[in-house]
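Colleague: I'm new to this one. Could you take a close look at a single part for me, the aromatic rings, and talk me through what is there?

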Amino acid sequence: MPVKGNQFKSNSFRDEPKLKTASRGERLQRKAEVLPQFSFNDGRIIKIIGLFFLVVSLYFLVAFTSYLFTWNEDQSYVLDANGGWSNLFKTQEELQELGLKNPVVENWLGKFGALLSHQFIYEWFGIASFIFIGVFFIIGYRLLFKVKLFSVSKTFGYSFFLLIFLSLTFAFLHSFLAETPHYLEGEFGFWSNKLLQAQIGNAGIAGLLGFAGLTAPIIAYNIDFKLPERKREEKILSELEDEGVELEDEIRSEPVEFDLNRRSSIRHTTLPGQEIERPIKPLQQEKIVPSFEIKNDSENEIILPPPVSSVNELLVHTPAPEVELSTLEDENSVEVEEPAPSSEIQLSEVIMPEPELTIEKTEEERTASSLVEQFGEYDPKLDLSSYRHPTLDLLENYGSGKIAVNSEELEANKNKIVETLNHYNIEIDKIKATIGPTVTLYEIVPAPGVRISKIKNLEDDIALSLAALGIRIIAPMPGKGTIGIEVPNSHPEMVAMRSVLATEKFQNTTMDLPIALGKTISNEVYIADLAKMPHLLVAGATGQGKSVGINSILVSLLYKCHPAQLKFVLVDPK
């Protein structure tokens with residue numbers, strides 16, 4: 001039977017949790033969490049240290065600047081002979097008892113400022129001590145505002161070099177004027193110069209300073225010392241020189257031809273002890289021009305027409321020459337005889353001038369043409385006229401890009417290819433190799449009667465004999481009567497983006513959107529125009545270089561196009 005009425009199986013109020021009172025330890029822990037905790041992981045102590053360095057740099061600036069004007073008045077107070085740093089906590093009466101006539105310090109920051117400036121400038125590094133102000137400011141600014149003005153490690157390195165170099169340079173120059181220490185070089189520079197004078201003399205010190213002064217910028221900025229070059233007439237090259245772009249020559253890889261009769265001989269222009277194969281000059285056909293003999297008959301005179309009385313009657317005498325050709329056995333001679341004028345042509349028609357066709361411009365076209373004449377054509381680059389293309393120094397330099405030819409590897413691969421083909425009774429007449437940066441192309445000319453498909457089916461067998469990861473057979477080669485076999489090099493060369501962009505072919509290209517895709521099998525730079533490829537699909541298996549290709553496209557456009565000419569929209573649908 002159904003249960004009548006409202007019945008509750010359990011009391012819901014029993015399941016409510018009871019409120020627990022916090023213990024004393026938990027209350028103390030909560031109070032402790034409210035108080036600030038200082039640790040190096042917390043940003044507050046870092047900001048405090050940064051603020052401290054900024055204040056110290058400002059304090060040093062005021063103290064050092066004041067020392068340049070008040071060092072003579074404060075000399076008696078800050079000297080070590082009169083107490084030095086021990087005078088910091090002494091009163092004026094105590095200083096007067098010690099014999100100081102004027103114990104009042106003129107430095108803008110008081111006793112501590114005078115002693116600190118004397119320690120850094122006079123007793124240590126001289127005027128070069130102002131470098132400490134920059135170091136403290138860079139560190140404090142970095143810690144407080146979290147903004148990187150300069151690299152801290154480079155700042156320490158440059159500052160250490162400048163402290164020693166400037167102090168020693170001022171001491172060397174001041175030594176010709178006085179024999180006592182001065183605040184220009186400080187005691188460190190003064191005694192260092194004295195020590196070097198005793199060891200290498202003034203000439204040695206000058207040479208050492210010059211060497212250090214040239215070595216430092218080379219290490220820091222890798223500057224180049226070049227002789228002045230001839231002026232180039234081309235405008236593009238002059239602009240590249242102004243921007244500091246150093247063009248690299250394109251080194252083309254010439255094919256190596258093998259002699260099948262003697263397998264051990266290789267003829268190539270880059271290997272030592274080889275025979276140089278020079279191309280045979282084509283035969284030049286000389287043009288045989290027959291000699292003409294023109295006989296002028298004295299009797300044949302040109303008769304001028306009488307003066308024309310009217311415009312409608314015009315007489316023109318045109319001689320009709322008769323040419324007699326006589327072929328001789330010894331000499332080719334042509335006799336041309338000029339007969340007397342035999343025809344008269346009467347022109348009765350007068351040529352009337354044709355009416356001129358004028359096209360009237362609209363008001364907008366007239367306004368546009370007048371504006372162009374006044375201000376010139378619109379140049380979108382003027383909005384960012386100060387823009388400079390990225391320098392090539394931002395890219396990694398992997399060397400000159402010359403291909404190292406390994407004659408033993410070439411000979412071994414050639415012998416294995418020939419031997420593998422001989423196993424299947426395939427004879428070849430000629431074989432040559434073109435060495436690329438990553439692969440080597442072996443071009444073979446099969447003997448007459450050999451099927452191309454027979455060689456193409458041996459791709460796996462040739463790869464097995466060469467112990468290569470994989471080869472590619474191009475049968476036939478486009479535009480050539482050969483069959484190509486591409487074999488990976490055992491030591492592939494790095495094709496650097498810098499070596500491709502630094503070539504004259506890329507810098508002087510007239511393409512709208514040039515993209516440098518790399519180098520061909522003959523080590524030539526390959527450049528394509530992206531403007532002719534509005535829809536481009538980049539496909540390939542994993543590790544085939546899709547990302548590298550996209551990066552090369554972006555870098556090429558960044559190095560060649562102005563921001564007003566090109567905009568990027570990169571969408572990643574992942």
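Modeller: Let's begin with a term: a charge sits over a ring if NZ of Lys or CZ of Arg is within 6 Å of the ring centre and within 35 degrees of the ring normal. K560 does just that, with its charged end over the ring of F506, 5.7 Å from the centre. Keep in mind that this is a predicted model.

Now for rings meeting rings. Searching the whole structure turns up 22 aromatic pairs. Take F53 and F136: their centres are 6.0 Å apart and their planes make an angle of 45°, a tilted pair. This pair links distant parts of the chain, as F53 belongs to helix α2 (residues 43–70) and F136 to helix α6 (residues 131–145), 83 residues apart. F53 is partly exposed, with a relative accessible area of 22%, while F136 is buried at 18%.

F136 also pairs with F132: here the centres lie 6.4 Å apart and the planes meet at 40°, so this pair is tilted too. F132 and F136 are four residues apart in helix α6, so about one helical turn separates them. F132 has a relative accessibility of 19%, so it counts as buried.

Those three rings belong to one aromatic cluster, whose members also include F52, F60, F64, F120, W124, F125, F130 and F188.

For an exposed ring, look at W108, with a relative accessible area of 54%. W108 is in the loop between α4 (92–97) and α5 (110–125). Together with L58, L61, V62 and F69, W108 makes a nonpolar surface patch of about 530 Å².

How values were computed: Residues are numbered from 1 along each chain as its sequence is written. This is a predicted model: local features need pLDDT of at least 70, side-chain atom pairs count only at pLDDT 80 or more; totals for chains, interfaces and linings use all residues. Side-chain values use heavy atoms; hydrogens and water are left out. Patches are made of residues with over 30% relative accessible area and no salt bridge: like charges are joined within 9 Å, nonpolar side chains (Val, Leu, Ile, Met, Phe, Trp, Tyr) within 5 Å. Accessible areas come from the Shrake-Rupley method with a 1.4 Å probe; for residues, only the protein chains shown count as cover. A salt bridge is a side-chain nitrogen of Lys or Arg within 4 Å of a carboxyl oxygen of Asp or Glu. Helices (H or I, at least four residues) and strands (E, at least two) are DSSP runs, numbered from the N terminus. Buried means under 20% relative accessible area, exposed over 50%, partly exposed in between (1.4 Å probe, protein chains only). Rings of Phe, Tyr and Trp (its six-membered ring) pair if their centres lie within 6.5 Å; planes under 30 degrees apart count as stacked, over 60 as edge-to-face and the rest as tilted.
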